[in-house]
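Dear colleague,

I am handing over the structure we spoke about, with the sequence alongside, and my notes on what was found follow below. Please keep in mind while reading that this is a predicted model.

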Amino acid sequence: MNIFLSDVNGYLSSKTDLSYFTNYVTFNTAESQLTVYHNFQTASGADVPLKNLLGFGLSANIPNNYSASFLDYRNETGMGLLLGFKRLGKVKTRFYDCSVSPEKPNQKQTMDVLRAGIINSLAVEIKNQEGDFKEALYKTDNEDIQGFSEDSAKAFLKKKFYENLSESSDEKFATLQAVALIETKNYKLISTHWTGIQLYVPVFSSKYVVAPSLNEDFQQKKSYPAGLMLSHTRLWESSTAGRFFATLSAELLLNNSKMSYDLKKVNYAEYEIIGGTDIQHDVELKNNKAYIGTYENFLTSSLQYRMVYFPVEYHLGLSILVQQNFGTCNFLNARIGIPVILINSKKTPAVCFEFYASLTDLTNKSDNSGSPVNKTFVGMSVGIPLSRLMY
């Protein structure tokens, strides 16, 4: 099931998503955010499901023309550390018609037959490999093993051979079972769930040039966009209805007036026309990076619900996300996306693209005194998994 789910759960759109791979990279064009993440998982050597995943990552905001034009440089520059933990729930498998009948085997019986065939084929393969190894070991002479006695050298080679053989055979047995389950679809419904918590700690963050009013000097203000997110996801994989994800998340973010559009962006010409008195920050004014208003750092909490659906045998799906913020920045946002999962020659997920349209502040709660909110914009996210987890 570890391998089956790593192939089925190919949806990787953001840094908080679950990946059954050791490493993954995500990039979001709208936020201009690049994340590199690593899951710490030590092979136990036992045929047991994954239960806990501890991860660490690095996330950086890289300014680009797209985010500058549509999002008012909402994340100019920044880099931070990610620390995450996911608790994976039990995997449940349901079959059609579990009655036992030799004339008409049910899905579980069919999988048992396929599993028996796989293990018998592997047994023959293992015996052949063992025979080839023993023949090669027999031909080993003393000149090839200088520094070892003959007995100790052969004991060392045997130990290494059987360790590698055990590991490769276990991996192959698990992989072939997962492939058989995917190809034959001998199941009615496979379901699982996971709960995750992720902390973002900024190392470098954006600085803003802000003047409380036209008659006051500009000052440099710094943001501290730390964040904590708790999420719970349920996954249903149906052989006839397709794949469905449902995720409920709660987030706490150290927000600021700039990120919530409470400041008015001004350029050099506008500032002179409306009577601004501080022209020493002409570089920021000419680059549209100066703001008028009261700057504050404050906490913003939010609830978010996301649904993702992929039809049977399709790598193209539909995602819908709704987010309600609370507090000073109480926007209601939504996003509609089309995720596309590309597979490699081994028929495993290679990269996930999601093209989306975001709708911001649907209930018009933004303060008109600040910079206008871009209500609608389009973007794309990319997720690339690397090095699949086995155990």
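In helix α4, the buried residues are Ala153, Phe161, Leu165, Ser169, Gln177, Ala178, Ala180 and Leu181, and they pack against α1 (2–8), α3 (107–138) and β6 (189–204). The helix itself runs over residues 150–184, and because each residue should add 1.5 Å, its 35 residues are expected to span 51 Å, which agrees with the 50 Å between its end C-alpha atoms. Just after α4, Lys185 adopts a positive phi of about 50 degrees.

The largest nonpolar core has 24 residues, of which Phe4, Leu88 and Phe245 touch the most other members. At least two residues of this core come from each of α1, α4, β6 and β13 (297–310), and α1 provides the largest share, with 4 residues.

Phe245 is worth viewing together with Arg306. Setting aside residues up to four places away in sequence, Phe245 touches, among others, Tyr11, Trp194, Leu235, Met307, Val308 and Phe310, and Arg306 is also one of the residues it touches.

Arg306 lies in strand β13, and with a relative accessibility of 10% it counts as buried, because the cut-off for that term is under 20%. Its side chain makes a polar contact with the side chain of Asp17, at 2.8 Å. Beyond its neighbours within four places in sequence, the contacts of Arg306 include Tyr11, Ser14, Ala246, Thr247, Ile320 and Leu321, as well as Asp17 and Phe245.

With best wishes

Key. Residues are numbered from 1 along each chain as its sequence is written. This is a predicted model: local features need pLDDT of at least 70, side-chain atom pairs count only at pLDDT 80 or more; totals for chains, interfaces and linings use all residues. Side-chain values use heavy atoms; hydrogens and water are left out. The expected span of a helix is 1.5 Å times one less than its number of residues. Buried means under 20% relative accessible area, exposed over 50%, partly exposed in between (1.4 Å probe, protein chains only). Contact means heavy atoms within 4.5 Å. A nonpolar core is a set of buried Ala, Val, Leu, Ile, Met, Phe, Trp, Tyr and Cys residues joined through side-chain atoms within 4.5 Å. A polar contact is a pair of N or O atoms within 3.5 Å; within protein, one must be able to donate a hydrogen and the other to accept it, and residues adjacent in sequence count only if both atoms are side-chain atoms.
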